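Please walk through the model shown below, beginning with a pair of strands and moving outward to the chains and the side where they touch.

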Amino acid sequence: MQRCFRKPSADITAVIKAVSGHARDGERTIVSVVREIGCALATLLCTAVVLGCARTDPHVLTFAGSAVGREGEAIRRQLDRFQRMHPEIRVEVQSTPDAADHRHQLYVQWLNARAADPDVLQLDVVWAPEFAAAGWILDLDRFRPDVQDFFPATLTATRWNGTLYALPWFVDVGMLYWRTDVMDRAPMNLDELRDQAARGMREHAIPYGFVWQGARYEGLVTVFLEYLGAFGGGILDDHGGVVVDSDRAVAALTSMRDSIYADQFVPALVLTWQEEQARLAFQNGQAVFMRNWPYAYGLLQDPVQSRVAGRFGIAPMPAASGGSPTAALGGSVLAINANSGDVDAAYQLIEYLLEPPQLLDRARIAGQYPPRPTMYESQELEDALRIVPADARRIIEHAVPRPATPIYSELSQILQIAVHRALTRQQEPRDALQRAATDMRALLARTELEGQHP
Amino acid sequence: MRRGEARRGWLMALPALAVIALIALGPVLWAVWESLYLHDLRMPWLGRRLIGLRNYVEALSNPRFWEAIGHTVAFAAVSVTLEIVLGLALAVAVDSMTRGRGVVRTAMLLPWAVPTVVVGLVWRFMFETPTGLIWFADPLAAWVPIVLADVWKTTPFVAVLLLAGLQNIERSLYEAAQMDGATAWRQFTGITLPLLKPALLVALVFRTVDAFRVFDVIYVMTGGGPGTATEPIAMYTFSVLLENLRFGYGSALSVMIFGVTFLLALVAIRLMGRGALVEPAP
C-alpha cells in the first residue's frame with residue numbers, strides 16, 4: 001500500500017527534474033527547488049491554456065440527442081459526412097438518456113445553468129414551447145428558414161408567441177393497426193370499429209378487440225387526444241382557454257370507458273399497458289385492432305417474431321359523428337442552445353440534417369418518418385419504410401399537435417391522472433374532467449400564461 | 001463539576017458539534033429557506049421571489065396532498081400492524097425451537113437483505129396476471145401487492161428484533177408460572193408481552209417512521225396509480241421536486257414530511273426513555 005502510494009509521486013518528481021534539467025541526484029539547493037516549482041507551474045499553465053483553447057474553439061459543435069442503437073448509427077454516419085463537407089467544423093455527440101423524462105431533466109439542468117454546450121439539441125416536440133418561453137433556445141426566424149415543405153402541424157408545435165424556435169426532424173403519429181385477415185377494410189368510424197372488433201373476437205376467437213396505451217403516462221394522453229379529436233373536442237381552445245371539461249370531451253372519455261366495461265372489446269389490462277405490451281399482444285395475433293406509433297410497423301412485418309406479418313394494415317384512427325379522424329403528433333425537433341458559441345455553424349448542421357437525402361437515410365436506418373410531405377411521393381421512401389407512403393401521408397395530415405404551451409408537461413400530468421381515474425372507475429368522466437379543468441386553470445393562472453398562446 | 005471544567009468540556013466538543021450541525025442541520029435549514037420562495041426551475045419567467053408561507057398554503061389546500069397523506073397513514077397503519085403481529089408470531093416460534101435456531105435466524109433475514117426495488121419488481125410480476133382481476137387497475141386491490149411486498153420484506157427485521165427481546169426474558173419466570181398452573185396464553189399475556197414491551201416499542205417506532213417515508217416499493221409497483229390511488233406523500237414530493245422541478249413548493253412539502261417524522265422520532269425517544277433502552281427488571 002505504502003509503496004503504491006509513493007511510487008507515482010516519485011515518478012512525477014523525476015519527470016519534473018528531468019524537464020527542468022536537474023535530474024542529478026543529491027543536488028538539492030533552494031534555487032533548484034524553486035526552479036522545479038516554477039517549471040511545474042509553467043507546465044500546468046500551458047496545459048490549462050491548451051485545454052482552454054480547445055474549449056473556446058468556435059468550430060467545435062456539440063449535438064445532444066438519441067445516440068444509441070440504430071439512431072446512434074444514423075447520427076454518427078450523418079455527422080461524419082457533415083464533417084467531410086465542412087472540414088472547419090468538428091461535431092461531437094453528447095449522449096443523453098433514452099427515457100424522455102430523464103433527457104428532459106438533464107436538458108433543463110444544462111440550459112438553466114446557461115451552459116454553452118450542447119449547441120444543437122434534439123427535443124421532443126412538446127418541449128419546444130417550454131424551452132422557448134424560458135429563453136433557453138434560439139429563435140430560428142433570424143435564419144429565414146425555408147418552411148414550405150413541412151407538414152403544417154409539425155410547425156405549429158414548434159412555435160411560441162408566433163416565433164419559430166425549432167424545426168421538425170422526424171414525425172411520430174398515432175395510427176390504427178388493423179387485421180386484413182379479419183376484415184376487408186379499415187373501420188370508417190368508431191361504431192364500425194366496435195362492431196368489427198366484436199365480430200373478430202367472436203368469429204376468429206381473438207381474445208382482445210382493441211388494444212392501446214392506457215397506463216398512467218404520456219402515452220395515455222396521446223390516446224385521449226385522439227379520442228377527443230374523434231368527438232370534436234380538445235384540451236385548449238385557440239385562445240389558450242381550457243376546454244377539456246366540454247360535453248364533447250366528456251363524451252370522448254365516456255366512450256373510452258364504455259369500450260372497456262360496457263362493450264368489453266378493450267381489455268381492462270390496457271390500463272397498465274404502454275406501447276410494447278400492446279405491440280406484443282397484436283404481434284401474437286391476440287388483438288383485432290391496435291393503436292400505436294409507426295415504430296411498431298417494421299417489427300410487426302418481421303416474420304421471425306410476428307404472427308401477423310403481411311396480415312395487417314394501417315389507417316387513421318376513426319372518428320365518431322361530429323368529430324374528425326385524429327392522430328396525436330409526436331416526434332423530435334431540432335433547436336439551438338441560446339448560449340451556443342457558434343449559432344451559424346449550429347444552424348448549418350440543422351439545415352444539413354433536414355435535407356431530404358439525410359431524412360431518407362434516417363428513415364432507412366432508424367425507420368423514422370420524415371416531416372416533408374413531398375418525400376412521400378418517392379419510391380425510395382416506400383423502400384426505406386416498407387409502408388405505402390400515401391397511407392402514412394394521409395395519417396400525418398390528420399395529425400394534431402398536443403397543446404403548444406410551455407407548461408405542457410404539467411397539463412399532461414393533470415390529464416394523465418384525471419383520465420386514468422375515470423378509466424379505472426374511481427370517478428365519473430365528467431367529474432374527473434371538471435377537476436382536471438379546475439387544476440389546469442389554476443395552473444395557468446399561477447404561471448401567468450393566461451391569454452398567451454402560440 | 002467546576003464551571004471552568006464545564007466550559008472546557010463544551011469547548012472540546014465544539015468542533016464535533018459544528019460538524020454535526022453542518023451535516024444534519026444545514027440541509028434542513030436550506031430546505032426551510034427554499035420553501036419560502038417561488039422557485040420553478042422550468043418557469044424562469046416567474047423569477048425567484050420570496051413568497052412567505054404561500055407554498056405551505058398551497059399544499060394544505062391541495063386535495064392531492066391530503067390524499068397522499070391519507071394513503072401514507074393508511075399504509076403505515078396496515079403494514080406496521082401486520083409486520084408486528086407476524087413478526088411476533090415468528091419470533092415466538094423461533095424462540096421455542098430447541099435446535100437449529102441460529103440457522104433459522106439467518107435464513108429468516110434473507111428477504112430483508114433483498115433490495116426493495118427487486119422485491120417490488122418480483123411481486124409486481126407475480127400480480128401481473130393476464131386474466132382475472134387486474135390488481136394494478138383497481139384503486140383498492142392495488143394496495144394488496146404493495147402491502148404484501150412490504151410485509152414480506154420487513155417482517156423478518158421485526159422478528160429478529162423481537163427475538164432478541166424474547167431471549168432476554170428470564171426462563172425461571174415461565175417455570176414459576178407453570179408451577180402455579182398458568183396456561184400458555186396466560187403466560188404469554190402475563191409474562192411475554194409486558195417484558196417484551198420495550199422491544200415492541202423499538203420495532204413499532206422504527207417501522208412507523210420507515211413506513212411514513214415509503215417510496216421505492218410503490219414507485220416500482222404502481223408508480224402511485226391507478227390515478228393517484230396509491231400515491232404516498234414521499235412520491236408526491238418526488239413528482240413535484242424532481243419531475244416538475246418546483247423547488248420552492250417541493251421544499252415546503254419536504255419540510256412538512258421532515259416535521260412529521262421528526263415528531264414521531266421525538267415521541268419515540270420520550271417513550272423509550274421510560275424503559276425501552278433500559279434492561280427490563282428481572
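In what sense, and over how many bridges, do strand 7 (residues 175–179) and strand 9 (residues 287–292) of chain A pair? Strand 7 and strand 9 of chain A run antiparallel to each other, and four bridges hold the pairing, where two strands count as paired if DSSP finds at least two bridges between them. Helices (H or I, at least four residues) and strands (E, at least two) are DSSP runs, numbered from the N terminus. This is a predicted model, in which local features need pLDDT of at least 70 and side-chain atom pairs count only at pLDDT 80 or more, while totals for chains, interfaces and linings use all residues. Residues are numbered from 1 along each chain as its sequence is written, and chains are lettered from A and ligands numbered from 1 in the order in which they are written.

Within the pairing of strand 7 with strand 9 of chain A, A:Met175 stands opposite A:Asn292. Strand 7 of chain A is also joined to strand 10 of chain A, again antiparallel and by four bridges, and there A:Tyr177 stands opposite A:Ile314. These strands belong to an open sheet of four strands in chain A, with the order 8-9-7-10 and mixed pairing. Strand 8 (208–211) and strand 10 (312–315) of chain A are the edge strands, each pairing on one side only. On average, neighbouring strands of this sheet are turned by 15° against each other, direction ignored, the axes being lines fitted to C-alpha atoms, for helices over the stretch in contact, and angles running from 0 to 180 degrees between N-to-C directions.

In a regular strand the side chains alternate between the two faces of the sheet. Strand 10 of chain A shows this alternation, for A:Phe312 and A:Ile314 point to one face and are buried, while A:Gly313 and A:Ala315 point to the other and are not. A residue is buried if 20 or more other C-beta atoms lie within 10 Å of its own, exposed if 12 or fewer, and partly exposed in between, with C-beta atoms placed from the backbone.

Most residues other than glycine have a negative phi, and most peptide bonds are trans. Against that background, A:Ala205 has a positive phi near 50° and is found in the loop between helix 7 (190–203) and strand 8 of chain A. A:Ala205 is exposed, because 7 other C-beta atoms lie within 10 Å. A:Gln264, with a positive phi near 55°, is in the loop between helix 9 (247–261) and helix 10 (275–283) of chain A, and A:Gln264 counts as partly exposed because 14 other C-beta atoms lie within 10 Å.

A cis peptide bond, with omega about -10°, joins A:Asp117 and A:Pro118. A:Pro118 is in the loop between helix 4 and strand 3 of chain A, and the same loop holds A:Ala115. Leaving aside neighbours within four places in sequence, A:Ala115 is in contact with A:Trp110 and A:Asn339, two residues being in contact if their C-beta atoms, placed from the backbone, lie within 7 Å.

For chain A as a whole, the secondary structure comes to 17 helices and 12 strands, and 47% of the 454 residues count as buried. The average pLDDT, the predictor's confidence in each residue from 0 to 100, is 85 for chain A, and 86% of the residues score at least 70. Over residues 1–29 of chain A, however, the pLDDT is below 50, and this stretch has 17 contacts in the model beyond near neighbours in sequence. Residues 45–56 of chain A likewise stay under 50, with zero contacts beyond four places in sequence.

Chain B has 12 helices and two strands, and 29% of its 282 residues count as buried. A cis peptide bond also joins B:Gly225 and B:Pro226, with omega about 0°.

Finally, 20 residues of chain A are in contact with 20 residues of chain B. Helix 4 (100–112), helix 5 (128–133) and helix 16 (408–423) of chain A each give two or more residues to the side that touches chain B, and helix 16 of chain A contributes the largest share, four residues.
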